[in-house]
Amino acid sequence: MSTTELLKRAAELFPGEVVTSAHVRHLDLPLQAGKLALITLDNGFDHTKPTTFGPGSLAKLSEALDQVEAEAADGKIVAVAVTGKPFIFAVGADLKGVEVLKEHSDALAIGKGGHDVFKRIAALPVPSFAFYNGAAMGGGVEVGLHCTYRTVSTGVPAFSLPEVFLGLVPGWGGCTILPNLIGPSKAIKVIIENSMSQNKQLRGKDVFELGIADAIFEPADFLEQSLLWASKVLTGATAVEREEIDRGKAWDDAVAWGRLVADSKVHGAAPAAYKALDIIQQVKDADLQAGFDAEDVALADLIMSGELRAGLYAFNLVQRRAKRPFGAPDKSLARPVTKVGVVGAGLMASQLALLFARRLQVPVVLTDIDQERVDKGVGYVHAEIDKLLAKGRISPDNANRLKGLVTGSLDKATAFGDADFVIEAVFEEMGVKQNVFADLEAVVSPTCVLATNTSSLSVTEMASKLQHPERVVGFHFFNPVAILPLLEIVRAEKTDDASLATAFGVARKLKKTAVLTKDAPAFVVNRILLRFMDAIQGAIDEGTPIETVEKAVLPLGLPMSPIVLLELVGPAIALHVSETLAAAFPERYTVSENLGKLVKAGKRGFYVWQDGQQVLDPEVLALLSFGTTVLTEEQVLARALDAVAQEIGLMLDEGVVGEAQDIDLCMITGAGWPFHLGGITPYLDREGVSERVNGKKFLAPGLASIPA
Amino acid sequence: MPRTARDVVFVDGVRTPFGKAGPKGIYHETRADDLVVKCIRELVRRNPNLPVERIDEVAIAATTQIGDQGLTIGRTAALLSGLPKSVPGYSIDRMCAGALTAVTATAGGIAFGAYDIVVAGGVEHMGRHPMGEGVDPNPRFVSEKLVDESALFMGMTAENLHDRFPHITKERCDAYAVRSQEKAAKAYANGDIQPDLVPVSIRNTNPDVGETGWGLATTDEPMRPGTTMESLAGLKTPFRPHGNITAGNSAGLNDGATASLLAAEDVAEELGLPVKMRLVSYAFAGVEPEVMGIGPVPATEKALAKAGLTIDDIQAFEVNEAFAVQVLAFLDHYGIADDDERVNPFGGAIAFGHPLASSGVRLMNQLARRFEQRPDVRYGLTTMCIGFGMGGTIIWENPHFEGGK
């Protein structure tokens, strides 16, 4: 099939594409360097809708190349350059166009179509330039890699090859050209390491320092200076020098290091990084065409994989659904929050006070039972502010402002009388919390929202003794609160829309991913995690060696093993939530005796560090008692997944959240469960667990899988 | 406190290519403040010896100080150009003589000792800000007959000038305009203009206008080389039926910006900054607003008197060509021939365009070029007429002067 036919067929599969135009404009270069054809990539919208490449867009670029190719051949132009609309270069393939693909052959065509078009830039009879003026990602970066030379603006805020993060490989030349341009280890940093570190973005300066761009200019006259530089290159006034690439053992070492990075992130559970590394290894011989062919195959295989579909689904959840929380009341109902109260001055309360002050920029008052505790809490916050100042994260004025905002008081009436939002973070005991709320109600305004950071107690019960229970919401953060994005917002039985809308408004300002949940035991993340842990702990208690259990869950590629997670959460907290859940659902949750012993002995977990190695703590082993049933890795995994699938099914039946997507959003943002699992339900669906346990899949076909 | 006035020098000046105002003009999608920013950055780039933190003032003129020409554009442009935050700036308005006034006001400050180095320039994006945008003239002007109603319309004041000087005919004006175009084309061919132009990236999203996408402005858009008496003869006279003023013998409606670098002479010397011109004197004068085009005459008289010079000492003239009739009225006053080679040798606003408040520095750039090429010339002047009945003149000395040969 010709490129034109290929793209035409692809475009038919994707009728909704926002087509990017490739405008060709001719200009006279400075220094009498001749005429240049400048291609501007522009989808016709402003910067809030970044330019992408779908098949229709590739066809437009192909047409532009038809024109400049002919002009170059006729000697009418001396060079070709590519740049973007204001603030955006191009952010790569339109992912919606990937989601609709059902056939391997069509997936292959997308890769080949891109290559066919981009390759023509390198094949032009005149030099080509990419002027990275703004955000560039994926295919956007790659279109520039096919050019002879590149410049970048210091103002570029985001530049990346995020394919591996999503479950793809940079398949329009990225895997092949980048290592041949800047060497394999820098290329692997961009393609593998950054991508697998929450899709870390490069800035303009990094792009230049890595050698991806040959020159760097400030945004104020970036295009003018890029054109001047191009003129100097074309007239020979400037020579472009690039670092020599070591194609010997260093290349193999770099790829081996890349595999270690990938292993540390996904433990072999997701294929994209490994496929990218295979291509990088292959192109050591600088055979670009062979590299492009390998990219096509890898891309098509991955597009047809469950991991990629789950990855795209997860990406859409965190990019789109997270911004419009499902079931949240209308924003207009929210009341303004101009002062915040925090009851309790312990570590959690202090962390919350800092977060509220930084994000809401309103006064935050901490209270506790005595002055010493209050002083300690405020002191902690002020010390944290000083740390931010020392790191240069905030200015001295900003530090002064924040310190002024966070104060402590023993006088609740004065402190909270004009507060709009008061959150409690006191000891996890129903009676204590009910008393706190009763005290608060006596001093706060009638519309002040009362929030609780409880991780497992009933919010409805907590509100039950108040005159105005409609103002109570659950506001469950995840530790560490400054890092984990999730915030479970709990609607209790009598919570009204205005209070709930206010809570969502606060969450938005806190830059948290808010998910609405029903007032059910342990809400979402803890309920699922504990069910998962329950199965794992059960297997251990019954006699399966810890090593087997650890290996059993490796295929999931979780960020950490359940045993390490237990250590991180703390056995005492795990025990507390476990007790709540066992009380609520005794038929499904048990309180592990061994866990109880661990807590009683004051142990942090099963492991100790010895000579830099993690080893099982003999003292712990001596403490615990085990049965004699030894399960295989497969049996352990099946048991854990079945438990999780069952629990999620029940949660959806109970209406704990609106849809399975919210479960996944919670697991991604609250527990760090990976994109290639899509949170968890796409994985349970594709592995057949959902059907085995519940008789049906969680998600409609096409949502996180190949469309029917 | 005893004080000595310091000599002020013109170190350097640059400008954007000038564009035609309106939807088809090159700058239709470009902001006015961005035009200024390109100029300031080019000045800094061209003068690597200039420590930017030593700039004491950024004075930028604009006639219509609204939107992208508002917000104290001297300050905002300084920040947008990446100058240190410690460098202050302000806005100036004296209509067409905005940049000229930016130069004189800051030069005065340098002489007084308040500044060492300044940036002075101007901008007018007449496409985004048409003449008269948002004006609200006091009704007393009309009720008390303080000025004739025509005073607000520059084209009408130019027609009025023809009434005052009936011997200046439309034919003389057209012939002058043709020469201006010829001289400008020749100056371009000789590369006399381009060295002081800052290329500006320009965007066009309207396919009706031409190629879309990003482009680069490198030359003045308004120029009409090949203009002839015949082609000018048939043009409409929009300000008066069967009048004299046409689009051909006056400057158009234009977009553009300029910026110059001035310094105390001792500071320029200390820093090794080049000196293109030395300021001798300046003056502004008022005339009847109905005939504002005569303004350069009394302004020049004053400036000459302050300098202790006579018109015979001036061997190079850069007269702004808002209207040919206004240039000819000036030349007639001094008995200078219409085609005297000392006057606007590289062409003028009729060819290049006249983005109101920016034009003053364009005149200086061209005078500096003349000085550079003619070490036999000692004194020159830049002069322009100004709306509401004013004129402004600066007399400059050529630092390259080698003594009368």
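In which sense, and over how many bridges, do β1(A) and strand β2 of chain A pair? The two strands, of which β2 covers residues 35–42, run antiparallel to each other over 8 bridges, where pairing requires at least two bridges found by DSSP and strands are DSSP runs (E, at least two residues; helices H or I, at least four) numbered from the N terminus. Across this pair, A:Val24 faces A:Ile39 of β2(A).

The model is predicted, so that local features need pLDDT of at least 70 and side-chain atom pairs count only at pLDDT 80 or more, while totals for chains, interfaces and linings use all residues. Residues are numbered from 1 along each chain as its sequence is written, and chains are lettered from A and ligands numbered from 1 in the order in which they are written.

Both strands belong to an open sheet of 6 strands with mixed pairing, in the order β1-β2-β3-β5-β7-β9 of chain A. Because β1 (21–28) and β9 (215–217) stand at the edges with a single partner strand each, one side of each has no neighbour in the sheet.

At the level of domains, whose bounds come from an automatic or database assignment, chain A is divided into domain 1 (3–304), domain 2 (331–516) and domain 3 (525–655). The C-alpha centres of domains 1 and 3 of chain A lie 45 Å apart, and 4 residues of domain 1 are in contact with 4 residues of domain 3, contact meaning that C-beta atoms placed from the backbone lie within 7 Å.

In chain B, leaving aside neighbours within four places in sequence, B:Val36 has contacts that include B:Ile60, B:Ile73 and B:Ala259.

Conventions: Contact = placed C-beta atoms within 7 Å.
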